[in-house]
Amino acid sequence: MYATYLRLGVLVWHGERAVIRAARGRLARSALRDPARRDARKRFYREMLRHHADAQRLAAQSRQSSPGLAPGFLVSGGSHAPLHD
């Protein structure tokens with residue numbers, strides 16, 4: 001599910017609401033409406049939020065260990081990537 005989180009396109013400094021919105025957009029319309037799948041949706045959202053929290057912790061650790069890192073960089077999956085082309 002970590003790969004799914006990466007495909008959400010959410011930046012580490014975005015809040016939980018942005019993660020939920022992006023995750024909701026990845027679900028099929030039938031899955032969103034089916035009451036029988038409610039528990040599965042909740043598990044999916046919680047897992048995406050957990051991955052987001054992990055990414056935020058990694059970014060915070062990276063900022064503490066490399067104070068010279070330019071503020072325009074995003075830490076994602078353990079690598080540094082520029083925000084702008």
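This report walks through a predicted model of one protein chain, from its overall layout down to some single residues.

## The overall layout

Let's start with the big picture. The chain has 85 residues, and 22% of them count as buried. Its secondary structure comes to 4 helices and 2 strands. Reading from the N terminus, you meet the elements in the order α-α-α-α-β-β, so the helices come before the strands if you follow the order given by the definition of numbering from the N terminus.

What about the outside? The accessible surface of the chain comes to about 6,100 Å², and carbon and sulfur atoms account for 51% of that. Contacts tell you something about how the chain folds back on itself in sequence terms: take those between residues at least 6 apart in sequence, and 49% of them join residues at least 24 apart.

## Helix α4, checked with a ruler

Helix α4 covers residues 38-65, which makes 28 residues. Here's a sum you can follow yourself. At 1.5 Å a residue, a helix of this length should span 40 Å, and the C-alpha atoms at its two ends are 41 Å apart, so the two values agree.

Which residues of α4 are buried? They are Arg41, Phe44, Tyr45, Met48, His51, His52, Ala55, Ala59 and Ser62. Have a look at the spacing in that list with this in mind: an α-helix has 3.6 residues a turn, so residues three or four places apart point the same way.

## The nonpolar core

Now for the inside. The largest nonpolar core has 11 residues: Tyr5, Leu8, Val10, Val12, Val19, Ala23, Phe44, Tyr45, Met48, Ala55 and Ala59. Two elements, α2 and α4, give two or more residues each to this core. Of the elements, α4 gives the most, with 5 residues.

Val19 is a handy place to zoom in. Leaving aside residues up to four places away in sequence, Val19 touches Leu8, Val10, Met48, Leu49 and His52. Three of the names on that list, Leu8, Val10 and Met48, also turn up in the core.

## Aromatic pairs

The structure holds 2 aromatic pairs. One of them is made by Phe44 and Tyr45, whose rings sit 6.0 Å apart, centre to centre. How are the two rings turned relative to each other, in degrees between the planes? The angle is 50 degrees, and the pair counts as tilted. Both residues are buried, and both belong to the nonpolar core described above.

## A chain of salt bridges

Time for some charged side chains. Side chains of opposite charge can pair when their charged atoms come close. A search of the whole structure finds 4 salt bridges, and several can be followed along α4. Begin with Glu47, which bridges to Arg50 with the closest N and O atoms 3.8 Å apart. These two residues both lie in helix α4, 3 residues apart, about one turn of the helix.

Arg50 also has a salt bridge with Asp54, where the closest N and O atoms are 3.7 Å apart. Because Arg50 and Asp54 are 4 residues apart in helix α4, about one helical turn separates them. Asp54 then forms a salt bridge with Arg57, with 2.4 Å between the closest N and O atoms. Asp54 and Arg57 both lie in helix α4 too, 3 residues apart, again about one turn. Shared partners join Glu47, Arg50, Asp54 and Arg57 into one network.

Are these residues buried or exposed? Each one falls in the middle class: Glu47 is partly exposed at 25% relative accessibility, Arg50 at 43%, Asp54 at 31% and Arg57 at 48%.

## Far in sequence, brought together in space

Finally, two residues from early in the chain. Leu6 lies in helix α1 and is partly exposed, with a relative accessible area of 40%. Leu6 and His51 are 45 residues apart along the chain, yet their C-alpha atoms are separated by 8.9 Å. His51 is one of the buried residues of α4.

Trp13 sits in the loop between α1 (2-7) and α2 (16-26). Its relative accessible area is 45%, so Trp13 counts as partly exposed. The C-alpha atoms of Trp13 and Ala53 are 10.0 Å apart, with their positions 40 residues apart along the chain.

How values were computed. Residues are numbered from 1 along each chain as its sequence is written. This is a predicted model: local features need pLDDT of at least 70, side-chain atom pairs count only at pLDDT 80 or more; totals for chains, interfaces and linings use all residues. Side-chain values use heavy atoms; hydrogens and water are left out. Buried means under 20% relative accessible area, exposed over 50%, partly exposed in between (1.4 Å probe, protein chains only). Contact means heavy atoms within 4.5 Å. Accessible areas come from the Shrake-Rupley method with a 1.4 Å probe; for residues, only the protein chains shown count as cover. Rings of Phe, Tyr and Trp (its six-membered ring) pair if their centres lie within 6.5 Å; planes under 30 degrees apart count as stacked, over 60 as edge-to-face and the rest as tilted. The expected span of a helix is 1.5 Å times one less than its number of residues. A salt bridge is a side-chain nitrogen of Lys or Arg within 4 Å of a carboxyl oxygen of Asp or Glu. A nonpolar core is a set of buried Ala, Val, Leu, Ile, Met, Phe, Trp, Tyr and Cys residues joined through side-chain atoms within 4.5 Å.
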